[in-house]
Amino acid sequence: MAGWQRRTYKLDANYKWSAKPGHQIFVADWGAVRFDIPTGWMPVPSEQSVKLCDREPPDDDCALEVSVTHLAPIDWSGISVAYLLRASAGGEPRGTVTWRGEVIEEQRAALEIAWKALRWLDVAAGREACSYMALARRNHTQVLITLDYWLDDEGRFGDVWRTVLDTLAVGEQPPGLGRPAFD
C-alpha cells in the first residue's frame with residue numbers, strides 16, 4: 001500500500017524487550033504501542049490501521065487490527081476510555097449479534113484499558129464469529145485494537161486476546177528510535 005514502508009531500527013543496547021515463548025513482539029508508531037502476538041503472524045497495512053493475520057488473507061482465520069491516535073495535549077481524564085468504547089457501538093461487526101459482554105475496565109499505572117467481547121452470526125458464511133474490541137490510552141497516545149475469529153476456532157485463538165492485553169504497552173517509546181516520546 002502506498003505510504004507504508006517496512007523498516008528495521010536498532011534499539012539502544014540497554015533497552016530489552018522480550019516476548020513470551022511462542023510469540024513475537026509487534027511494535028507500532030515508533031514504539032508508541034507494543035504487544036505480543038503469536039509467532040509467524042503477518043502485518044497487512046490498510047489506510048488507517050495495521051491488520052495482523054495468522055495467515056495471508058484471504059486464507060486467514062484470525063485478524064487483529066491496530067490503530068494508533070496521538071491526542072491533543074489537553075487533560076483527557078474527564079472522558080474515560082470505557083465511556084468512549086461504549087459510545088462506539090456503531091463500530092460493531094456486520095451480522096446479527098448473538099451475545100454481547102459488558103465493558104471491562106483495567107488500570108495499570110497510567111495505562112487505561114477498556115474492552116468488550118461479542119459474538120455475532122455472519123449470515124453470508126453461515127458461521128458464528130467472536131469479536132473483541134479494546135480502547136487503551138496512556139498520556140496522549142490512544143490505541144484501538146480489534147480481534148476477530150470464527151467461534152469454532154476458539155481453541156486456536158481464544159488466548160490471543162488475553163496475551164495482547166497482558167503485554168500491551170502504550171506511550172512508552174524506547175530511547176534511540178529518533179522520534180520523541182509523546183508525553
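How much surface does the protein chain expose, and what share of it do carbon and sulfur atoms supply? I looked this up before anything else. The chain exposes about 10,300 Å², and carbon and sulfur atoms supply 52% of that area. Note to self: this is a predicted model.

**Entry: the whole chain**

I went for the overall layout next. The chain has three helices and eleven strands. Reading along the sequence, I get the pattern β-β-β-β-β-α-β-β-β-β-β-α-α-β. Of the 183 residues in the chain, 39% are buried. I also looked up contacts between residues at least 6 apart in sequence, and 52% of these join residues at least 24 apart.

**Entry: strand S2 and its partners**

Why call strand S2 largely enclosed by the rest of the structure? I checked its residues, 33–38, and six of the six are buried, so the label fits.

Then I looked at who pairs with S2. Strand S1, residues 23–28, runs antiparallel to S2, and the two share six bridges. One pair I wrote down is alanine 28 with its bridge partner valine 33 in S2. S1 and S2 make a hairpin, with four residues between them. In that turn I found aspartate 29, which has a positive phi of about 50°.

S2 also pairs with strand S11, residues 169–170. These two run antiparallel as well, joined by two bridges. Here arginine 34 has alanine 169 in S11 as its bridge partner.

**Entry: threonine 163**

Which residues does threonine 163 touch, leaving aside its neighbours within four places in sequence? I found Lys20, His23 and Asp36. Threonine 163 sits in helix H3, which covers residues 160–167. I have it down as buried because its relative accessibility is 6%, and the cut-off for buried is under 20%. I looked up its spacing from lysine 20 too: the two are 143 residues apart in sequence, yet their C-alpha atoms are 9.0 Å apart in space.

**Entry: salt bridges**

A reminder from class: side chains of opposite charge can pair when their charged atoms come close. The structure holds nine salt bridges, and I followed up a few.

Arginine 137 and glutamate 112 meet through their side chains, at 3.2 Å from N to O. This pair links distant parts of the chain, with arginine 137 in strand S9 (residues 127–138) and glutamate 112 in strand S8 (residues 111–122), 25 residues apart. Arginine 137 is buried, at a relative accessible area of 2%.

Next I checked aspartate 152 and arginine 127, whose closest N and O atoms are 2.9 Å apart. Aspartate 152 is in the loop between strand S10 (141–150) and helix H2 (154–157), while arginine 127 is in strand S9, so this salt bridge ties together parts 25 residues apart in sequence. Is aspartate 152 buried or exposed? It is exposed, with a relative accessible area of 60%. Arginine 127, at 29%, counts as partly exposed.

My last pair was arginine 156 and aspartate 153, with their closest N and O atoms 3.3 Å apart. Arginine 156 is partly exposed at 44% relative accessibility, whereas aspartate 153 is buried at 9%. Which residues join these two in a network of salt bridges that share partners? I noted Asp54, Arg55 and Asp61, linked with Asp153 and Arg156 into one network.

Conventions
Residues numbered from 1 in each chain as written. Predicted model: local features only at pLDDT ≥ 70, side-chain atom pairs only at ≥ 80, totals over all residues. Heavy atoms only, no water. Salt bridge = Lys/Arg side-chain N within 4 Å of Asp/Glu carboxyl O. Buried < 20%, exposed > 50% of the residue type's maximum accessible area, 1.4 Å probe, protein only. Contact = heavy atoms within 4.5 Å. Areas by Shrake-Rupley, 256 points an atom, 1.4 Å probe, with all protein chains shown as cover. Pairing = 2+ DSSP bridges.
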